Amino acid sequence: MRGKDGQLDQISDRFIENLLNISDVNSDLASYLVDLEADPNRFEKLQERKAGLNALLRKYGKGSDRQIAYEQLLVDGSKAKDRIEDLSGGQVRVDELEKEAGEIFASLKSEAMKLSEKRASAAKQLSEEVTDEVRNLSMPNATFQISHQISSADTASDYTQFGIDEITLLFSAHAGGTPLPLNKVASGGELSRVMLALEVVIAEAEPIGTYIFDEVDAGVGGKAAVEIGRRLAKLSKSAQVIVITHLAQVAVWADNHLVVKKNEDGLVTQSDVLEVTQQERKVEIARMLSGQEDSQTAQEHAGELLAIVRNA
């Protein structure tokens, strides 16, 4: 066909050129294959190593990302190597660890003793201040004491997360009485007053934003109740104090007096919170005193209590 059609001549020339190029590539590939140093044994070992790594990943790998899991295996392996060296280091390694443990224990003991000294000083001061507060709550002969015992601190078993100290709160309500554990000798009213005294003292050193007392005056009446109200009012100078009480002697000390009332219509019980002031408050105090808000005597008594607060 050559020479018969110019267009076919062009196609023929390109075809021949491509054949020659393919022939060259074929020769190059043949030369490349001849130069390869194929090692079937090395390939088999690589396959075995790959299988081993896959087995490790299946058994110990963490997560779904194979690359991250493999890197974590390397880290874990390094740590395991360090642990094995620790275990197989012989007596030299044991001696090093014992020396390190001794230094740590010495530091622990030193810090524990410093903490105990601070606690002993704080316990003495707290005992004196709480005793003063309790005696102002109509218990003139009461004594509050913090017993502070220190363990030997020579062995690890002598320590807890709180140190080496054994703290016990002791109390005696009578003159000359031996202070005994507070939870065993104090009545409900005495416990309430001791707790309030603690709160007042602590608030002066470490103020808290809000205190909520739910019937802190339980088991208390008369003059003691008045003193509890006085101390709650003192505490309110440095913090917000919310008190739930049924005692008029305590309620009169409040800056804001709120009354909770329940109304029932047979189907629904509704609770209302009402603020009482001036005459309404006097009537409410009278009701708390005698249960009869219309009683003239009760209202006079209520007026006396409110006057005590105004003049305090």
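The following paragraphs describe the nonpolar cores, a strand sheet and a surface patch of a predicted model.

In this predicted model, local features need pLDDT of at least 70 and side-chain atom pairs count only at pLDDT 80 or more, while totals for chains, interfaces and linings use all residues. Residues are numbered from 1 along each chain as its sequence is written, and side-chain values use heavy atoms, with hydrogens and water left out.

The largest nonpolar core (a set of buried Ala, Val, Leu, Ile, Met, Phe, Trp, Tyr and Cys residues joined through side-chain atoms within 4.5 Å) has 30 residues, of which Val-134, Phe-171, Leu-196 and Ile-228 touch the most other members. Two or more residues each are given to this core by helix H4 (90-135), strand S1 (143-150), helix H6 (188-205), strand S4 (210-214) and helix H7 (222-235). Helices (H or I, at least four residues) and strands (E, at least two) are DSSP runs, numbered from the N terminus. H6 supplies the largest share of the core, seven residues. A second, separate core of 13 residues includes Ala-286, Met-288, Ala-298 and Leu-305.

Leu-196 lies in helix H6 and is buried, with a relative accessible area of 0%; buried means under 20%, exposed over 50% and partly exposed in between (1.4 Å probe, protein chains only). Contact means heavy atoms within 4.5 Å. Not counting residues up to four places away in sequence, Leu-196 touches Leu-137, Phe-213, Val-216, Ile-228, Arg-231 and Leu-232. With the same exclusion, the contacts of Ile-228 include Leu-137, Leu-196, Val-216 and Val-250. Ser-192 is also found in helix H6. Ser-192 counts as buried because its relative accessibility is 11%, and beyond four places in sequence this residue touches Val-216 and Ala-218.

Three strands form an open sheet in the order S1-S2-S3, with antiparallel pairing. Two strands pair if DSSP finds at least two bridges between them. S1 and strand S3 (180-181) are the edge strands, each pairing on one side only. Between S1 and strand S2 (residues 165-172) there are eight bridges in the antiparallel sense; Thr-143 has Ser-172 in S2 as its bridge partner.

Ile-16, found in helix H1 (residues 6-35), is partly exposed at 41% relative accessible area. Together with Phe-15, Leu-19 and Leu-20, Ile-16 makes a nonpolar surface patch of about 400 Å². Patches are made of residues with over 30% relative accessible area and no salt bridge; like charges are joined within 9 Å, and nonpolar side chains (Val, Leu, Ile, Met, Phe, Trp, Tyr) within 5 Å. A salt bridge is a side-chain nitrogen of Lys or Arg within 4 Å of a carboxyl oxygen of Asp or Glu. Accessible areas come from the Shrake-Rupley method with a 1.4 Å probe, and for residues only the protein chains shown count as cover.
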